[in-house]
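Here is a friendly walk through one structure, written with a computational chemist in mind. Have the viewer open and follow along.

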Amino acid sequence: MTLVQTTHNANNNLSNPFLSLNYEPAIESLGDDYYDEVAAAEFPQHILRWRNDALLPTLGLAPQTVTDEHFIQAFGKFEERQPFLALRYHGYQFGEYNPMLGDGRGFLYGQVRGVDNRLYDFGTKGSGRTPYSRGGDGMLTLKGGVREVLAAEMLHRMGVNTSRCLSVVETGMSLWRGDEPSPTRSCVMIRMSQSHIRFGTFERLKYFQRPDLTQRLLDHVIEHYYPHLQGEEDRYALFYAELAGRVGKLVAQWMAVGFCHAVLNTDNMSITGESFDYGPYAFIPNYEPYFTAAYFDYYGRYCYTHQPGICRYNLELLQKALKDVIPLGDMEVGLKSFDREYRKEYRRLMLLKLGFEELEISQTEELLKSTLAFLKHYPISYHHFFADLADTFSSKWRDDASTILRESEIGKSLGSTELFFNWSGIYHQVLTNFSTDELENVAKNLKQSNPKTVILKPVIESVWEPIVQEDNWQPFDDLVKEIQLSQ
Ligand code: AMP
Ligand code: MG
């Protein structure tokens, strides 16, 4: 009987493409100073609510060969694989050091080499309690899973360097949460990311005064995520400078697309410079610099406009954690890449949102200043302004400034204001340098950089309501498809 059972499982194992992927024990081989082995919770129910077929080719899998049951077996029931590693980390949360962190409701399921030759993490969220759960239940609400899927797909569409979700399995538990009508439904989500090593992973090693473990982890990070630096004599300093540059670039991407991450604690900062962990995030409705997304962020510490300063500060905090291995002076110099990359990327992306690949620096400054002054002054949607620009753009705008945005609601209501007049005058001036062929490229850039649909809060609620009311997933599925396919 036992033998039959074993054979049956082995066949299952082989036939489930997720179980025969190319897993590499990258973190595992570092030894158990960095993690605890844990087990997944057993759930009363497993309903696959979402699968991200767009990620499967990266894993070398053809979507039609992967069944829903394969997803459930691997990422709901957690059969046939181990070890699962709850990663250890600390972090500064809202400015206070917290040594009581770590994967409290997730673990590293495995690490896989993609067809692009990059190493990817499968991390869980909502898979049960671990030694780091503190008072928590180890679970994720279904709405939390839905929100993270939407954030990641939207940011990816907008060109932000982000983790993405691979699957969401509803798990049939009733959860109690202060920030959702409760009881509320549960799920387990799989996140595919470059790495779950955080600034806080290094902060913990400093806290325990273990420069040996810091150096071992740095070598690991360089080997897998900064491989071009291997063999350089000053690779640690170069790593820090490159990380600072990557973070500068990332935060510029958030700012340009109008994203407020909301919880920029150092345990939510990836050592690869990738954006991840989407809880109470929001896309800004209007260009309101002090817009704050998390209801518990009473003083607006992580508001939209503070994001560049906070990320830079988090990089400064990281210097304290790394200073036993990397000379402080080198890191101070390295931090300059943050400023340089931030400025460069923000300008580049804002110009693209306005349709342009490159302009003279003075013209760029003038155009961005007047655009933001206009957006700041009037209560108009940041996203709709750019979407309208993309939607109504016409080569006539080059020949007659008064036609700019005239067909859009914004132009109709604000076209006679001084700030609009200033902005459209400058925009027109820029367009006069473009040939008709080049204007086609402007139209293309506008469309690419400004998707029509952005997941502002009411949009998220509009797909969540049918799920709550009648278990209708169609609007959610349609929205994700629209995001993924929009150009
Ligand atoms: P987050 O706000 O999701 O970045 O989480 C911060 C810390 O709290 C991490 O250590 C999480 O693992 C932990 N945590 C958050 N929610 C829960 C929960 N429901 N159960 C256990 N731990 C949790
Ligand atoms: Mg987190």
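Let us start with glutamate 80, which sits in the loop between α2 and β3. This is a predicted model, and in it the phi of glutamate 80 is near 65 degrees, a positive value in a residue other than glycine. Most residues other than glycine have a negative phi, and most peptide bonds are trans. With 35% relative accessibility, glutamate 80 counts as partly exposed, because that value falls between the 20% limit for buried and the 50% limit for exposed.

The loop between α2 and β3 also holds proline 83. The peptide bond that leads from glutamine 82 into proline 83 is cis, with omega near 0 degrees. A cis peptide bond also joins serine 182 and proline 183, where omega is about 5 degrees. Proline 183 belongs to the loop between β9 (164-175) and β10 (184-193).

**Aromatic pairs**

Phenylalanine 78 lies in the loop between α2 (68-75) and β3 (84-87) as well. How many aromatic pairs does the structure hold? There are 43 of them, and phenylalanine 78 takes part in one with phenylalanine 107. Their ring centres are 5.7 Å apart and their planes meet at 70 degrees, so this pair is edge-to-face. The pair links distant parts of the chain, with phenylalanine 107 in the loop between β5 (96-98) and β6 (108-113), 29 residues apart from its partner. Phenylalanine 78 is buried, at a relative accessible area of 7%, and phenylalanine 107 is buried too, at 3%.

Another pair is formed by tryptophan 254 and phenylalanine 259, whose ring centres are 6.3 Å apart; their planes are at 50 degrees, so the pair is tilted. Both tryptophan 254 and phenylalanine 259 are buried.

**Around ligand 1**

Ligand 1 is surrounded by 15 residues, and the closest are Gly102, Gly104, Arg134, Asp137 and Gly138. Sorted by class, this shell has 3 nonpolar, 6 polar and 6 charged residues. For anyone setting up an interaction list, these are the contacts of ligand 1 nitrogen atoms with the protein:

| Ligand 1 atom | Protein partner | Distance |
|---|---|---|
| nitrogen | arginine 105, side-chain N or O atom | 3.2 Å |
| nitrogen | methionine 139, polar backbone atom | 3.4 Å |
| nitrogen | arginine 177, side-chain N or O atom | 3.5 Å |

How much of the accessible area that ligand 1 has on its own does the protein cover? The protein covers 79% of the 480 Å².

**The magnesium ion and its loop**

Ligand 2 is a magnesium ion, and its protein donors are Asn268 (OD1) and Asp277 (OD), which lie 1.9 to 2.2 Å from the ion. Are these two residues, asparagine 268 and aspartate 277, buried or exposed? Both are buried. For aspartate 277 the relative accessibility is 17%, and it counts as buried because the limit is under 20%.

Aspartate 277 has a place in the loop between β11 and β12. Its phi is near 65 degrees, a positive value in a residue other than glycine. Serine 270 is located in the loop between β11 (259-260) and β12 (282-283). Serine 270 is buried, with a relative accessible area of 3%, and its side chain makes a polar contact of 2.9 Å with the side chain of threonine 272.

**Two further loop residues**

Further along the chain, serine 381 is found in the loop between α10 (361-377) and α11 (382-392). At 14% relative accessibility, serine 381 counts as buried. How far apart are serine 381 and lysine 344 in sequence and in space? They are separated by 37 residues in sequence and by 25 Å from C-alpha to C-alpha.

Leucine 405 occupies the loop between α12 (396-399) and α13 (409-414). Its relative accessible area is 0%, so leucine 405 is buried. Leucine 405 and serine 424 are 19 residues apart in sequence, with 8.6 Å between their C-alpha atoms.

Technical notes: Residues numbered from 1 in each chain as written. Chains lettered and ligands numbered in written order. Predicted model: local features only at pLDDT ≥ 70, side-chain atom pairs only at ≥ 80, totals over all residues. Heavy atoms only, no water. Near = heavy atom within 4 Å. Polar contact = N/O pair within 3.5 Å; in protein donor to acceptor, adjacent residues only side chain to side chain. Areas by Shrake-Rupley, 256 points an atom, 1.4 Å probe, with all protein chains shown as cover. Nonpolar A, V, L, I, M, F, W, Y, C, P; charged D, E, K, R; others polar. Donors = N, O, S within 2.8 Å, 3.2 Å for Na, K, Ca; no water. Buried < 20%, exposed > 50% of the residue type's maximum accessible area, 1.4 Å probe, protein only. Phe/Tyr/Trp six-rings, centres within 6.5 Å; stacked < 30°, edge-to-face > 60°. Helix = DSSP H or I, 4+ residues; strand = E, 2+ residues; numbered from the N terminus.
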